[in-house]
Amino acid sequence: MGIVAVAATLSSNVSAKSAGLDRGVLQLQVVLDRLGFTPGVIDGKSGRSLAKALRGFQTANGLDVTGTIDTATKKALEQYLGAPATVEVQIGPGDLAGPFVNPIPKDPADQAKLNCLCYRTVMEKLAERFHTTPATLLALNSPDTPLKAGEPIVVPAILPSSRDYPSVTDAAWRATLSDLNVDPNQPQADRIVVDKSDGVLRVMAGDKLVAQFPATMGSEHDPLPVGRWTIKGAAYNPTFHYNPDLFWDAKSTDEKQKLPAGPNGPVGVIWIDLSKPHYGIHGTPEPQNIGRTESHGCIRLTNWDAARLSLMVKPGMPAIFQE
């Protein structure tokens with residue numbers, strides 16, 4: 001499986017413009033992302049992820065929890081809604097540098113042969129950087145926009161206030177945080193609560209909800225392990241030890257494999273380890289599927305939300321899983 005060449009234009013890897021992009025919804029998603037009540041993927045479309053984000057903001061601010069942009073919620077958000085929903089940035093040499101691998105094989109044995117489970121395309125890398133999708137980037141720009149260094153493109157306005165991460169000593173992880181536009185200024189939690197009924201991970205400080213992320217959690221075969229666990233630590237840009245004995249849907253011929261690191265690995269850019277053996281909170285290679293698919297019992301977030309969470313938690317912190 002070889003490293004692929006960079007596409008010439010935005011449209012080279014996206015088949016059609018994203019339908020139904022609403023600029024007002026996009027602005028609301030950007031604001032909620034900045035405030036820490038994230039909708040997951042920013043795509044300018046209403047849906048359950050946006051409703052979850054609104055419910056989180058409403059809960060944190062003592063409002064009626066409707067999941068809609070009602071009058072009281074709009075007033076509470078008024079000071080933020082005047083900010084632009086998008087910003088123009090220039091494509092940088094690092095955005096084009098790769099390596100890129102496309103397609104990524106599905107078989108773990110073939111994945112193990114790769115040097116990295118890298119981004120497939122420049123568009124996928126740019127989309128994750130700005131918490132969106134390739135189709136949304138295409139909808140915000142001309143499809144003929146060249147993918148070259150110095151070229152201006154319009155993206156969701158989620159640039160961080162700084163790229164200085166004083167508490168992070170791992171240089172590669174600092175680079176990942178910066179690449180994913182994670183702001184270094186995050187609230188500090190004393191526990192996290194994963195609620196199956198709501199499909200969200202809540203970050204708590206005392207009685208206050210300080211952040212919330214949409215999550216995929218468990219399945220019929222691997223249900224969410226309800227109980228009180230603790231955070232043990234984190235592995236940044238981790239490799240993944242594939243053990244078919246732990247996966248009900250593994251092929252009978254599968255063998256143990258060590259899969260390389262990368263944002264398209266099974267756990268994305270980070271693994272936050274839990275006291276429950278073999279369970280953790282981690283990223284994903286498919287951010288658009290968060291809350292819409294199942295997992296093997298673990299808690300799956302978008303790569304950027306999982307990276308952001310890492311700045312809020314610490315070893316020994318309770319992780320409460322409930323139905």
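pLDDT is the predictor's confidence in each residue, on a scale from 0 to 100. That score matters here, as the structure is a predicted model. Averaged over the protein, pLDDT comes to 90, and 89% of the residues reach at least 70. The start of the chain is another story: over residues 1-6, pLDDT stays under 50. For this stretch the model has 17 contacts beyond four places in sequence. Where pLDDT is low, the predicted coordinates should not be read in detail.

Now for the overall picture. The protein has 323 residues, and 54% of them count as buried. Its secondary structure adds up to nine helices and 13 strands. Among contacts with a separation of 6 or more, 63% link residues that sit 24 or more positions apart.

Next comes a pair of helices. Helix α2 covers residues 48-60 and helix α3 covers residues 71-81; their axes lie 11 Å apart and cross at an angle of about 80 degrees. Angles from 65 to 115 degrees count as roughly perpendicular, and α2 and α3 are therefore roughly perpendicular to each other. On the α2 side, the contact is made by Leu54, Phe57 and Gln58, while α3 brings in Thr73, Ala76 and Leu77. Sorted by type, the residues of this contact come out as four nonpolar and two polar, with no charged ones.

Helix α3 is worth a look from both sides. Thr73, Leu77 and Leu81 are its buried residues. Seen down the helix axis, the buried residues of α3 fall within an arc of 70 degrees, so they line one face of the helix. What covers them includes α1 (23-35) and α2. Thr73 and Leu77 also turn up in the contact with α2. Flip to the other side of α3, and Thr71, Lys75, Glu78 and Gln79 are exposed.

Finally, there is a residue in helix α1 to zoom in on: Gln29. Buried means under 20% relative accessible area; the value for Gln29 is 2%, so this residue is buried. Leaving aside residues up to four places away in sequence, Gln29 touches Pro39, Val41, Ile42, Asp43, Gly44, Lys45 and Leu50. One of these partners, Leu50, falls within the 48-60 range of helix α2.

Notes:
Residues numbered from 1 in each chain as written. Predicted model: local features only at pLDDT ≥ 70, side-chain atom pairs only at ≥ 80, totals over all residues. Heavy atoms only, no water. Axes fitted to C-alpha atoms, helices over the stretch in contact; angles between N-to-C directions. Helix = DSSP H or I, 4+ residues; strand = E, 2+ residues; numbered from the N terminus. Parallel < 35°, antiparallel > 145°, perpendicular 65-115°, else oblique. Contact = heavy atoms within 4.5 Å. Nonpolar A, V, L, I, M, F, W, Y, C, P; charged D, E, K, R; others polar. Buried < 20%, exposed > 50% of the residue type's maximum accessible area, 1.4 Å probe, protein only. Arc of directions from axis to C-beta.
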